[in-house]
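Trainee: I am new to this one, so could we walk through it together?
Mentor: Happily, let us look at it and take your questions one by one.

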Amino acid sequence: ALAFRFGRIFAFFPGHVGRTLDYNLSPNASPDDVLNPRQQIVHHRLGWHTVLQKGRGDWEIDIGGQYNERQELSNPHAHGRVYLDSLQQLSHGMWLGTASWNVRYQPHGHGKSRWMVGSSGQLQQNRIGGYEFLIPAYRASQAGLFVVRNSRVRGWEVLTGIRTDVSRQLSDAYIDRYLTDSGFVDRQRAPALSRRYLSATASVGLSWKGQQGSVFNVHLGNSFRLPGLPELGSNGVHHGSFRHEQGDSSLRPEQGWQLDVGGERRMGRFICKGSGFFNYFSRYIYLRPTGYFSFLPEGGQIFRYTQGRVLHGGGEIQLDYRIDPANTLSAVGEYVWIQNTSTGVPLPWSQPASLWLSWKRNFKRTVAKSNQEASASTAYYNVDWIMVAAQNRTDRNEDPTPGYNLLQLQAGWQHTLGGHRMLLLRLQAHNLLKRK
């Protein structure tokens, strides 16, 4: 069993939370002193992993627990909320506890087939605090059973699987009270929720490996994803993304079908890899701009979680050419096409097409010493040129994004010291031409 505790303090830049005032824009006298606004994150983790090898089969068991403490601190602004204490510095407090398990059993002795059965799931509880609101307090549970079979048929590897899950979600209502010209007004930021789900998914995959390293694979399956509590009940300014995000308590689980095809072919000094995918979602959940302004101060445009029928396709192709053992040229192209058939427009934040050109140079040096292990040093450097196309396929109330290109360098050095010891150094330089 291993336990970890991780803590980190991050500073927000001025204007990230609340109002941007002139005195906030002056430089801090002590760069090491993190002032408000800031966030403090502490993460606790306890995990246990074990493998039991028995005569009839093997067991693999993972059991764990996590506790995440997140606090966002800032100087408060009442903005009409009369109950706000001016001394309270906690704007957001979230305390999330998670217990999880994953148990797998693989029996022995089934000829060319291999079977695996198992169960996985988790229990969660999230408490909230602070004078601002983003997501409600909630409790969630999920448990699933699955069966996987791997077999070989005439040179093909066939992988099939089926899974069923039961889930439950409970969240508390949240109400804010404001003082207006006509008196006190109660605004419900999130309703109370109680949801139960039952789902079943299945998939089948085929894989073939030929001579000289050629590979071909295809996969078909359906998917089921529960809406997260932020997608159902959020209603506040998300300071990490600079927008007012609003959930929808009527969202149904996400469902879809996925088809993936990929392969690899080696031809002398050339290596060609490619993959393509096509997905159809009958209920796809996503965040989109609404065109309505937030009722919260400095909230900007409201972005609301919604769902619809979505087609999602694209692919990637990579070509490597090995000039000699020390030099390799690579080109990687990507394209993604997304269309919301319910609205007739693309999804927001759709990824634009890109092309990545790279040259990698390797160096290796081995020194053999008498009566000692040989010491080896390897080094490399990369020169990358990344070209990203403009994205004009945008959702309503979303601006197009112009194209850009980036030049970046990478270098590394590795030296074997012997006795399983190694010295490693990596350096990276991004966006050398300072492109926007």
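## Patches, rings and charges

Mentor: Let us start on the outside of this predicted model. Trp156, Val204, Leu206, Trp208, Phe216, Leu220, Trp257, Leu259, Val261, Phe278 and Tyr280 make a nonpolar surface patch of about 930 Å².

Trainee: Which elements give two or more residues to the nonpolar patch?
Mentor: Here we look for elements that supply at least two members of the patch. Those elements are strand E10 (193-209), strand E11 (215-225), strand E14 (254-267) and strand E15 (270-293).

Trainee: Is Phe216 buried, partly exposed or exposed?
Mentor: Phe216 is found in strand E11. Its relative accessible area is 33%, and the partly exposed class runs between 20% and 50%. Therefore Phe216 counts as partly exposed.

Trainee: How many helices and strands does the protein have, then?
Mentor: For the whole protein, 32% of the 436 residues count as buried. The secondary structure comes to one helix and 21 strands.

Trainee: Are the rings of Phe281 and Tyr284 stacked, tilted or edge-to-face?
Mentor: A pair of aromatic rings is described by the distance of the centres and the angle of the planes. For Phe281 and Tyr284, the centres are 4.8 Å apart and the planes are at 55°. Stacked needs under 30 degrees and edge-to-face over 60, so the pair of Phe281 and Tyr284 is tilted.

Trainee: What about the surroundings of that pair: which residues form one aromatic cluster?
Mentor: Phe281 is buried, at 8% relative accessible area, whereas Tyr284 is partly exposed at 23%. The cluster they belong to is formed by Phe281, Tyr284 and Tyr286.

Trainee: How many residues apart in sequence are the parts that Phe363 and Tyr381 tie together?
Mentor: The ring centres of Phe363 and Tyr381 lie 6.0 Å apart, with the planes at 35°, so this pair is tilted. Phe363 belongs to strand E18 and Tyr381 to strand E19 (residues 375-388), so the parts they tie together are apart in sequence by 18 residues.

Trainee: Which ring does the charged end of Lys360 sit over?
Mentor: We have a charge over a ring in two places to compare: the charged end of Arg177 sits over the ring of Phe184, 5.7 Å from its centre. The charged end of Lys360 is 5.0 Å from the centre of its ring, and that ring belongs to Tyr380.

Trainee: Are Asp176 and Arg189 buried or exposed?
Mentor: Asp176 forms a salt bridge with Arg189, with the closest N and O atoms 2.6 Å apart. Asp176 lies in strand E8 (residues 174-180) and Arg189 in strand E9 (residues 183-190), so the bridge ties together parts 13 residues apart in sequence. Buried means under 20%; at 1% for Asp176 and 4% for Arg189, both are therefore buried.

Trainee: How far apart in the chain are Glu157 and Arg114?
Mentor: The side chains of Glu157 and Arg114 meet in a salt bridge at 3.9 Å, N to O. Glu157 is partly exposed at 25%, and Arg114 is partly exposed at 46%. Glu157 sits in strand E7 (residues 156-171) and Arg114 in strand E5 (residues 114-129), so the pair links distant parts of the chain, apart by 43 residues.

Trainee: Which residues are linked in a network of salt bridges?
Mentor: The count for the protein comes to 13 salt bridges. The network links Glu60, Asp62 and Arg104.

Methods. Residues numbered from 1 in each chain as written. Predicted model: local features only at pLDDT ≥ 70, side-chain atom pairs only at ≥ 80, totals over all residues. Heavy atoms only, no water. Helix = DSSP H or I, 4+ residues; strand = E, 2+ residues; numbered from the N terminus. Buried < 20%, exposed > 50% of the residue type's maximum accessible area, 1.4 Å probe, protein only. Patch = residues over 30% accessible without salt bridge, like charges linked within 9 Å, V, L, I, M, F, W, Y side chains within 5 Å. Areas by Shrake-Rupley, 256 points an atom, 1.4 Å probe, with all protein chains shown as cover. Salt bridge = Lys/Arg side-chain N within 4 Å of Asp/Glu carboxyl O. Phe/Tyr/Trp six-rings, centres within 6.5 Å; stacked < 30°, edge-to-face > 60°. Lys NZ or Arg CZ within 6 Å of the ring centre and 35° of its normal.
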